[in-house]
Amino acid sequence: MNEITLNNGVKIPQVGFGTAAIGSWQQDDDYVKNVILNAIRAGYRHLDTASLYGNERSVGHAIKESGIARKEFFITSKIWDSEQGTEATIAAFENTLNRLAMDYLDLYLIHWPVPAKTQETWQAMESLYEQNRIRSLGLSNFRQTDIEQILGFAKVKPAYNQLELHPYMVQKELTEYCESQGIVVACWSPLGSGTWSGIPVDEKPVSDQTISDIASKYNVSNAQVILKWNVQQNRIVIPKAESLNNISNNLLLDDFELTAQDIAQINGLNRNRRFGADPDTAYAANMQMIVPA
Ligand SMILES: NC(=O)c1ccc[n+]([C@@H]2O[C@H](COP(=O)([O-])OP(=O)(O)OC[C@H]3O[C@@H](n4cnc5c(N)ncnc54)[C@H](OP(=O)(O)O)[C@@H]3O)[C@@H](O)[C@H]2O)c1
């Protein structure tokens, strides 16, 4: 599987498996474990979770049951808004590791920017990084101003920023800014979101006619075209899937190549349409959301 080298030399598989809302929101049981185990058996080694998803235990159980060594995996988790701050960050990290039943993370992200807490949170994360308890540090939903803030004091530069990014939300300026700073861009809801968003599937980019036309040229699925559009532009994708067919389909990206014209055509589908929250307004609602124990 293709890997990208982060700014500290750590390698990350370009296609990861998204784990939010497998089954239903914050479900954490054998069903979730088995979906993740299916993904591992299909070949995924990069798993994306978060304290807020409430399913870190299922991620840990699936890895254990796979019989594959921990070091073969790339595990990302995220700190929630209400967990930010100096001591709170350390406590949130320990809780995450305990739930995962692991002794280190490959990547730890600030899930959403909380500018008043960013410096304390990042410096606590830096101390965990210096103790070799986290292999790389990153961001999620950070705008350019949030990144500029962090670059003003960071000893460890962020390696990664996870953004809502799909053909209807191309994030051109922010992506270019991240790349200019050596920050790898990862795409959340790369296919246009799961059922949690309530968006009908025919409104999502995975159902777009232009994408279907490109897919039929290469005899691949619409999802494969969207994922390849990101992969060819050196971005990371973390599609979530529960059906076995979709789980495997999303990994099969090596047998075709999009042309520059295909890529430009997909870029042209942008309509700045978010299916998830906007970092400009997310904070109040985020603070109402409970991180399960
Ligand atoms: N950082 C953040 O703030 C943030 C926010 C949201 C999400 N995320 C991360 O991003 C991950 C992915 O986002 P997401 O789950 O919202 O959306 P997504 O990956 O864009 O879409 C998931 C949906 O697409 C379907 N699907 C998967 N593969 C397909 C294929 N080959 N063909 C057709 N349909 C396919 C899935 O169906 P089935 O499940 O039925 O197979 C599911 O309904 C999350 O799991 C999470 O890890 C991060």
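This report describes the parallel sheet of a predicted model, with attention to strands β5 and β6 and the elements around them.

The sheet is open and consists of eight strands in the order β3-β4-β5-β6-β7-β8-β9-β10, with parallel pairing. Strands β3 (17-18) and β10 (236-237) stand at its edges, and each has a single partner strand, so one side of each is left without a neighbour in the sheet. Helix α3 packs on this sheet, where α3 touches both β5 and β6, and its direction makes about 140° with that of β5.

Strand β5, which spans residues 74-79, is mostly covered, since six of its six residues are buried. In a regular strand the side chains alternate between the two faces of the sheet. In β5, Phe-74, Thr-76 and Lys-78 point one way, whereas Ile-75, Ser-77 and Ile-79 point the other way, and all are buried. Strand β6 shows cover on both faces as well: Leu-107 and Leu-109 lie on one side, Tyr-108 and Ile-110 on the other, and all of them are buried.

The pairings that involve these two strands are set out below, with one bridge partner pair given for each.

| Strand pair | Sense | Bridges | A bridge partner pair |
|---|---|---|---|
| β4 (residues 46-48) and β5 | parallel | three | Asp-48 and Thr-76 |
| β5 and β6 (residues 107-110) | parallel | four | Lys-78 and Leu-109 |
| β6 and β7 (residues 137-140) | parallel | three | Leu-109 and Gly-138 |

Read together, these pairs show how individual residues tie into the sheet. Thr-76 of β5 is the bridge partner of Asp-48, and Thr-76 belongs to the buried set that also includes Phe-74 and Lys-78 and points one way from the strand. Lys-78, from that set, has Leu-109 of β6 as its bridge partner, while Leu-109 in turn is partnered with Gly-138 in β7.

The chain connects these strands through helices. From β4 the chain crosses through helix α2 (residues 56-66) to β5, and this β-α-β crossover is right-handed. Strand β5, helix α3 (residues 86-100) and strand β6 likewise make a right-handed β-α-β unit, and the α3 of this unit is the helix that packs on the sheet in contact with β5 and β6. From β6, where both faces are covered, the chain crosses through helix α4 (residues 118-130) to β7, again in a β-α-β crossover that is right-handed.

Terms used
Residues are numbered from 1 along each chain as its sequence is written. This is a predicted model: local features need pLDDT of at least 70, side-chain atom pairs count only at pLDDT 80 or more; totals for chains, interfaces and linings use all residues. Side-chain values use heavy atoms; hydrogens and water are left out. Buried means under 20% relative accessible area, exposed over 50%, partly exposed in between (1.4 Å probe, protein chains only). Helices (H or I, at least four residues) and strands (E, at least two) are DSSP runs, numbered from the N terminus. Two strands pair if DSSP finds at least two bridges between them. A crossover is right-handed if, with the strands pointing away from the viewer, the path from the first strand over the helix to the second runs clockwise. Contact means heavy atoms within 4.5 Å. Axes are lines fitted to C-alpha atoms, for helices over the stretch in contact, and angles run from 0 to 180 degrees between N-to-C directions.
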